[in-house]
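This briefing concerns selected helices and one sheet of the structure shown below. It is arranged by topic for a structural biologist.

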Amino acid sequence: MATSPAAAALDTAAPPSPAPDVEVLIAGAGPTGLVLAIDLARRGIRHRLVEQEARGFPGSRGTGVQPRSLEVMDDLGAIAALLASAGPVPPMQSWEGTERGRVWPLVEPGDPSPNVPYPNALMCPQWRTVEVLYERLEELGGRVDFTTGLTGFTQDEHGVTAELRHADGTVETVRAGYLVASDGGRSAVRKALGVPFEVDVVDERHAMVADVRMTGFERAGVDRGHWHMWTSAPGGLLGLRPLELTTDTIQIMAFWTDTSYVPDPARDATPEALARLITERTGLTGLVPEEVIWASAFQPKAGMAARFRTGRVLLAGDAAHIHSPAGGQGLNTSLQDAYNLGWKLGAVLRHGAPDALLDTYNAERMQVAADVLELSTRVHGQDRSVGFERGMSRRGKETHQLTLNYRTGPLARELRRDLPEDGLRAGDRAPDAPCTDASGAPFSLFDAFRGPHFTLLDLTGSEAVGGPAAAAVADVEWVRTYRVGGPAPDLVDAGGHAKTAYGTGLFLVRPDGYVGLATDEAADVRAYLAQVSAPAPVPAPAKAPAIRG
């Protein structure tokens, strides 16, 4: 990228600039950029999503979709397509040479609960997750500008001026209110900003992963119902995992015990080289690699940017943090960066919130990223210290990301008294609960939350018609209020699941599904909303929301 750190830094001396062409420019159309674009599209935010590569990420890469990410996909309207493409995490089948060993679980299963609609992680090749998100963005009228790279930018107090290069070599200048960099672990935007990015090597060994069309499964005795692992194979660990959506494609994962050996897909991921690798490490001779669809070499590392915001430029996904693949945390953490940032950009651009609200993205997501980095690094270390087979069976429910929270963040307001020690707190994920609406039709709390709005749950049991909570937010456009239980309820909690999950009080649930405020006083709701919106909502511009047409 041509821009130097000094040029990319905030230039408050610059003269006022013309109105932006788009309100948000997103660089990088992987899962992070796509989730953000979807969220902005449904908020009517004029944005543009550019991707330097052609359409279609070819590989499986991040395959595990955790329960919390499934909830995000539900809210964004993409869950049905994802569920149709995904499958359960297969049981692990250990091998010693050509002999099968024991079968063991990779992840501790979730507990079925009325509060958790998706208790278990699912597996879906990343190429398909990306395609599902493309399709959802296009349903909302959005698009991705493929083969369009961000080659430089400057920023001032009013916005960002970016230079885009198209496949035919033409260069375009675009003015945006904000730039979000979701351009991967080698982020050119982050480097141009000069943001420090400290990286630690998690494992001295190098590894390679490849998606390969193969024949000979039956001859080799490799069934499609398991994830097959040779944890003590000569030369290093080898894993074979049949991929979802196909009948003939396997993901091959290999580590090299010789730490001086650096695999090169051009050399080590040809069909002939993979056939030799499988035979040498497993003794099986029936598997025949026919075509290599995608391959990548890597060394497990962990790193995080020193800050996620620099003026009007924000980092998200791998541009902000990278993880060991152990525990399946990277893609999921990246999705939730975008989910956290989307509503805050919407608040600033549509609801009169101060620009400083975007600083809470930096505060909240840096803490989560640090915690997830510690978790994935610890899980990887267990794999090494106690043996891969035993280590992998220790992946507990913390990998589901349902317990990640913002309790210590700047937007959490817990104002109730005498709470039980294990009770819900402001900053926690807002639980689901099955209810019925006034007509008696099923209607869950997640149905109430779904969409780009705040949700005020009134579980006070107030006798007042309408309730003081509803009066407190009557003129706030992006808040929906539901009385749960009590006289004249909006939702009937016949099973008591909402009451059990939340307790008594008023609960203001953020658009990203976390409890922002928990209180007993309706006046507190008004005060909280003043932090994230102006008293009178800012109307949307007349120009239709779109990504560049």
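A residue is termed buried when its relative accessible area is under 20%, exposed when over 50%, and partly exposed in between (1.4 Å probe, protein chains only). The model is a predicted one: local features need pLDDT of at least 70 and side-chain atom pairs count only at pLDDT 80 or more, whereas totals for chains, interfaces and linings use all residues. Residues are numbered from 1 along each chain as its sequence is written, and side-chain values use heavy atoms, with hydrogens and water left out. Helices (H or I, at least four residues) and strands (E, at least two) are DSSP runs, numbered from the N terminus.

**Helix H5**

- The buried residues of H5 (126–139) are Gln 126, Arg 128, Thr 129, Val 130, Glu 131, Val 132, Leu 133, Tyr 134, Arg 136 and Leu 137.
- Because 10 of its 14 residues are buried, H5 is largely enclosed by the rest of the structure.
- The cover over these buried residues includes H2, E3, strand E4 (64–65), H3, helix H4 (79–85) and H10, where contact means heavy atoms within 4.5 Å.
- From first to last C-alpha, H5 reaches 20 Å, close to the expected 20 Å; the expected span is 1.5 Å times one less than the number of residues.
- Gly 141, just after H5, has a positive phi of about 90°.

**Helix H2**

- In H2 (residues 31–42), the end C-alpha atoms lie 17 Å apart, which agrees with the 16 Å that its 12 residues should span at 1.5 Å a residue.
- H2 is mostly covered, with 12 of its 12 residues buried.
- Elements covering H2 include strand E2 (22–27), strand E3 (47–50), helix H3 (67–75), H5, strand E11 (171–181) and helix H10 (330–350).
- Just after H2, Gly 44 adopts a positive phi of about 75°.

**Packing of H2 against H5 and H10**

- Axes are lines fitted to C-alpha atoms, for helices over the stretch in contact, and angles run from 0 to 180 degrees between N-to-C directions.
- The H2 and H5 axes come within 9 Å and cross at roughly 20°; the two helices are therefore roughly parallel (an angle under 35 degrees).
- H2 passes H5 in a left-handed crossing, meaning that the near helix is turned anticlockwise from the far one by less than a right angle; clockwise gives a right-handed crossing.
- At this interface, H2 residues including Leu 34, Ala 37, Ile 38 and Ala 41 meet H5 residues including Val 130, Leu 133, Tyr 134 and Leu 137.
- The axes of H2 and H10 come within 8 Å, crossing at roughly 25°, which makes H2 roughly parallel to H10.
- The crossing of H2 and H10 is right-handed.
- Among the H2 residues that meet H10 are Leu 36, Asp 39, Leu 40 and Arg 42, and their counterparts in H10 include Leu 335, Ala 338, Tyr 339 and Trp 343.

**Five-stranded sheet and helix H16**

- An open sheet of 5 strands follows the order E22-E28-E27-E24-E25, with mixed pairing; two strands pair if DSSP finds at least two bridges between them.
- Strands E22 (413–414) and E25 (479–483) stand at the edges with a single partner strand each, so one side of each lacks a neighbour in the sheet.
- E22 and E28 (residues 515–519) run parallel and are joined by 2 bridges; Glu 414 has Ala 518 as its bridge partner in E28.
- Helix H16 (residues 522–532) packs on the sheet, touching E22, E24 (454–458), E25, E27 (506–509) and E28, and its direction makes about 155° with that of E28.

**Ser 533**

- Ser 533 lies in the segment after H16 and is buried, with a relative accessible area of 7%.
- Neighbours within four places in sequence aside, Ser 533 contacts His 351, Gly 352, Ala 353, Val 476 and Trp 478.

Conventions:
Parallel < 35°, antiparallel > 145°, perpendicular 65-115°, else oblique.
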